[in-house]
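Visitor: I'm new here and keep hearing terms like "buried" and "core". Could you walk me through how such words are earned?

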Amino acid sequence: MMNDFSEIQHGISCLQGSWASEAGLALQAMLNRIKEGLRDELAELFDGHAEELRRASYIVSLSEHDDDEDEYGRLSMWRAYGGRSGVAMVLNNTAFVSETDQMRVFSSPVIYKDMRQFTEWFQRWASAVVTCEEKLKALGPEAMRNILFWVFRSFALCTKHPGFAEEREWRVFYSPVFEGDSEWIEPAVEIVGGVPQHLMKLHLIDNPEKHITGVAPKTMLNRIIIGPCEYPVQVRAAIGEAMAKAEIENPLDIMWMSLIPLRNS
């Protein structure tokens, strides 16, 4: 239930167009040199799961945050998503840039490109892949097919129209149909924006033994910014109490009120 009605489909369309481009044909030829018919295996694997990508992908959308936004946040985000009592959680990035597949949840920056821009970008990417043909051949055809399937899935899930570029979005995504069940994930059905829908709740628990750190609220949360709203003091008090229950020490010390004079309609 993403805001952009073309979510996922835009990425799939860009990928399909690039697959049929000169760069895509060169990549396909390389696959068939590694193993005759490998190109068709990859295409059938991806096309066979395209509908599941649309239907069964769960995404958290986040924006990059600059230091000079610490006090006020970003006005364009308050206008678009703040509502009448918006609250911004500024997160440390340790969990997003760490390399682990234990949670079966993955993160990636969004690529903001239209079809032409994506095809030009894909040309450079595919050329770099083809130059590594001998090394890739050593992986074996099955591994090569699976790696490219996961890469193409990331392209499909994390490509957006360039009109959204100011959001500087990162996506955290989970697809149980591909990853399988995760002990960090709890399925649920809730009403969001008046619409009953399936969602996945991510348990924010550090587990150093499994190389998962920076996920727990007390280590991940950098600061809270209370957005432009009618009752900022009351919102600050309520959020502070919730933070204390999440074992965050001295929560009021990392909370700011973004007193931008924005009138919510």
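Guide: Happy to. Helices and strands here are DSSP runs, numbered from the N terminus. One thing up front: this is a predicted model. On those terms, the protein comes to 11 helices and 10 strands.

Visitor: Where does H203 sit, then?

Guide: H203 lies in the loop between β8 (195-202) and α10 (217-220).

Visitor: What makes H203 buried, exposed or partly exposed?

Guide: Its relative accessible area is 32%. Buried means under 20% and exposed means over 50%, so H203, at 32%, counts as partly exposed.

Visitor: Which residues does H203 touch, leaving out those up to four places away in sequence?

Guide: H203 touches M103, E183, W184, I185, E186 and V215. A contact here means heavy atoms within 4.5 Å.

Visitor: How do you know how many disulfides there are?

Guide: The two sulfur atoms of a disulfide must be within 2.5 Å. For C14, the nearest cysteine sulfur is that of C158, 13 Å away. Since the cut-off is 2.5 Å, C14 is in no disulfide. Looking from the other side, C158 has the sulfur of C14 as its nearest, 13 Å away, and is in no disulfide either. The count comes to zero.

Visitor: Why is C14 called buried?

Guide: C14 has a relative accessible area of 1%. The limit for buried is under 20%, so C14 qualifies. C158 is also at 1% relative accessibility and therefore counts as buried.

Visitor: How much of the protein is buried?

Guide: Buried residues make up 38% of its 265 residues.

Visitor: What makes something a nonpolar core?

Guide: Its members are buried residues of certain kinds, Leu, Met, Phe and Trp among them, joined through side-chain atoms within 4.5 Å. The largest such core has 32 residues, and L27, M30, L31, F122, W125, M144 and F152 touch the most other members. Two or more residues each come from α1 (9-19), α2 (22-34), α3 (38-55), α6 (115-130) and α8 (141-157). The largest share, seven residues, is from α8.

Visitor: Which residues is W125 in contact with, beyond its neighbours within four places in sequence?

Guide: W125 is in contact with L27, L148, V151, F152 and F155. There's also a second, separate core of 10 residues, including F96, W184, I185 and V215.

Notes:
Residues are numbered from 1 along each chain as its sequence is written. This is a predicted model: local features need pLDDT of at least 70, side-chain atom pairs count only at pLDDT 80 or more; totals for chains, interfaces and linings use all residues. Side-chain values use heavy atoms; hydrogens and water are left out. Buried means under 20% relative accessible area, exposed over 50%, partly exposed in between (1.4 Å probe, protein chains only). Helices (H or I, at least four residues) and strands (E, at least two) are DSSP runs, numbered from the N terminus.
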